[in-house]
Amino acid sequence: MSDLPPEDQSQPEEPKALFEGTLQLSRHMDYFRNVDEFYAYHNLFGYVLRMSEDVLDFLEYFREAPRDAFELIQQFGAQFEDEQLDQFLSVFRSLACLLQSEDEESERLLDMYPMHARWILAHQAESGPVTLYTADNETRQHVRISTLDDWDSALWRAIDGERSVKELIELMRDIPGSPMQGLQERVLASLALLTHSDMQVLKMSAEKASRYQGRRHAMPPYLVSTMFYDRVTHILRSETPGPRVHIRGQRSEPIDPAILEADRLENRLSYLFREPHPALGGQSYGARVLDKLDELGAISSAPRILDLSADTGHLARTLIEQLAVKHPEQHAKLHYVLVAPDESIAQRQRETIEGLPLEHVVCDFGKVSEHVEGPFDLILCNEALGSLETLSVRRVTRTVEDEQDVDDDDVEEQSPSKAKETFIGEGSSVAAIFKYGLSLDDSPDDFLLTVGAFEVLSQIKKLLSGQGQALLIEFGELYRYPQRTNEEGGFAFSQHFGLLQQVAKRLGFQTQFAYLMDELDFDRNLPMFATTRSQFKALRQFFRERGVELERRAYTREDIEALLGEHGIGPELIELSFEKLEDRVLGLVMHAFKWLRLYRSVEL
């Protein structure tokens, strides 16, 4: 008989089952990757889920064979808490990623409401075929033009976000060409083609579109997003890539490499607003920047200006030309140095600045003091920080015992363990943390650090005169850690302006942080043409087929309506969106752009 007290003689309880029966992975899943983040895309519903690699492993565990709850606990019980497993299962089952049977997906689809995805481009006249224009997110160098047949075109027109799949099936019974048998299967197959990650022109919603009328912010994010990262399904599964979805009547048109290169440089505010614009009271971006610099007393009587520029050179051109008009005496004494980070950007700048009185230098922004001679009264850094070196860092927490040898005989006499935080990271990231004494108490466990931008601030310290000012304009947030964004031909990183301020103050500067829209007095409420890079590529192809070269600039609603009217294009072209300037201009999110001024002198 056991010597244990009665209350301790009970048998251990069996683990509570997390679900009944078995679950299997949907065969309609695709995976995409953005640095260390993974995304799952459900090709039947259009769901987009972001996850870490360990959660992806959890999901893929159900692909090899149907799994029951006890197998799952045995595999992942030591890695995840029960509450986490419950949460994963709840999300993946509700979004049809994990199924009890393959029939479950088609049964769910019948009650969903197909909606035309946002940021698509479709040309649909009242009759005849519908043509879809989609940027090829696999090659990023082509536009796919898909002409639907008459039957699929009728199905497309019937999709209004208010009819469920069941209702669409009934509606299609009266359409010529509909089969007597197998109509449901044909409708589901057509919807699947258009929702697939290769197309992404449809999304399946659990609610009618009218529920979100005037409440777009309440829409599930997947209904308004597009998956444009690199597909890695075949890599994760060690398979050869499968065939891509192809619609009958589809063709692929290459984008001129020169246009792709122009896109890389022209998606800048200084380019979009290079001409006088109603959003700036009839002024150009450069002219408004000069007015603000004048207001701040940043243009001296004999101005020496250093311009670190990764754009087309339009800001430099406008500043110099406007200075000649507004301050001819200062213009006569102007010494303007324009610095490009590489030869490809410098070549484009040469086309813009030809004939201007300036010095043009090509060098690494982080070593600019080795190539130009200061001091300068004004240093500009306009949308030039995003492509500079950005490194990964991980916060590590460990106890005192991790760092010292502890004699077992002395354990009871030790004080309680103390946690100590430190960092490990790529390259010079950790050195930068300690060099500038950065306060990172609010950082996540893994984050990015814009060490290239910090080095630019260090260069500014070397080159700025005692009474001079520096102006940095970039996208980012005051407290949010850098995020990687896909750009034409590469990547860019947002700025953590709070950290930039910390570095600037450590270098001896005072700082002024503000929203760019406020400092330049943009008309926040002006309706502007809003798009994405992918949709703009598609729109440009649409106009090219009609003999029109669509330039990149900040289009107002009136601009687009006039352009469509000029070429006889009416409401059959969908979806063209217009949003307040403060939200989006073409593909740029305006409220993300901030202004950071550095100075040493006492504020006036």
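Visitor: Is D263 buried or exposed, and at what relative accessibility?
Guide: This is a predicted model. Buried here means under 20% relative accessible area. D263 falls under that cut-off, so D263 counts as buried, at 1% relative accessibility.

Visitor: Which side chain meets D263 in a salt bridge?
Guide: D263 sits in helix α9 (residues 257–266). The partner is in the loop between α19 (533–544) and α20 (557–566), 289 residues apart from D263. That partner counts as buried, at 4% relative accessibility. The N to O distance is 2.9 Å, and the residue is R552.

Visitor: Helix α9 also holds E266. Which helix holds the salt-bridge partner of E266?
Guide: The side chain of E266 meets that of R348 at 2.9 Å, N to O. E266 is buried, with a relative accessible area of 10%. R348 counts as buried too, at 16%. The two are 82 residues apart, and R348 lies in helix α14 (residues 343–353).

Visitor: How many residues apart in sequence are the parts that R118 and E579 tie together?
Guide: The two side chains meet in a salt bridge of 2.3 Å, N to O. Both R118 and E579 are buried. R118 lies in the loop between β7 (113–116) and β8, and E579 in strand β28 (residues 577–580), so the tied parts are apart by 461 residues.

Visitor: What is the count of salt bridges?
Guide: The rule asks for a Lys or Arg side-chain nitrogen within 4 Å of an Asp or Glu carboxyl oxygen. Some of these bridges share partners and join D30, D136, E138, D198, R231 and R244 into one network. The count comes to 43.

Visitor: R231 is in that network. Which residue is the bridge partner of R231 in the strand pairing?
Guide: R231 belongs to β12 (230–231). Strand β2 (residues 29–34) pairs with β12 in the antiparallel sense, over two bridges. The partner of R231 is F32.

Visitor: Why is one side of β4 and of β12 left without a neighbour in the sheet?
Guide: The sheet is open, with four strands in the order β4-β3-β2-β12 and antiparallel pairing. β4 (48–51) and β12 stand at its edges. One side of each is free because each has a single partner strand.

Visitor: Which strands are the edges of the five-strand open sheet?
Guide: The order is β13-β10-β9-β8-β27, and the pairing is antiparallel. Each edge strand pairs on one side only. The edges are β13 (250–254) and β27 (573–574).

Visitor: Which residue in β27 is the bridge partner of A122?
Guide: Strand β8 (residues 121–123) runs antiparallel to β27. Two bridges join them. The partner of A122 is I574.

Visitor: Which residues gather in the patch of negative charge on the surface?
Guide: One of them, E389, is in the loop between β17 (376–382) and β18 (391–399). E389 counts as partly exposed, at 45% relative accessibility. Patch residues need over 30% relative accessible area and no salt bridge. The patch is made of D36, E53, D57, E389 and E426.

Visitor: What share of the protein is buried?
Guide: The secondary structure comes to 20 helices and 29 strands. The C-alpha atoms fill a box of roughly 90 × 90 × 40 Å along the principal axes. Of the 604 residues, the buried share is 50%.

Technical notes. Residues numbered from 1 in each chain as written. Predicted model: local features only at pLDDT ≥ 70, side-chain atom pairs only at ≥ 80, totals over all residues. Heavy atoms only, no water. Patch = residues over 30% accessible without salt bridge, like charges linked within 9 Å, V, L, I, M, F, W, Y side chains within 5 Å. Areas by Shrake-Rupley, 256 points an atom, 1.4 Å probe, with all protein chains shown as cover. Lys, Arg positive; Asp, Glu negative; His and termini not counted. Charge placed at Lys NZ, Arg CZ, Asp CG, Glu CD. Buried < 20%, exposed > 50% of the residue type's maximum accessible area, 1.4 Å probe, protein only. Pairing = 2+ DSSP bridges.
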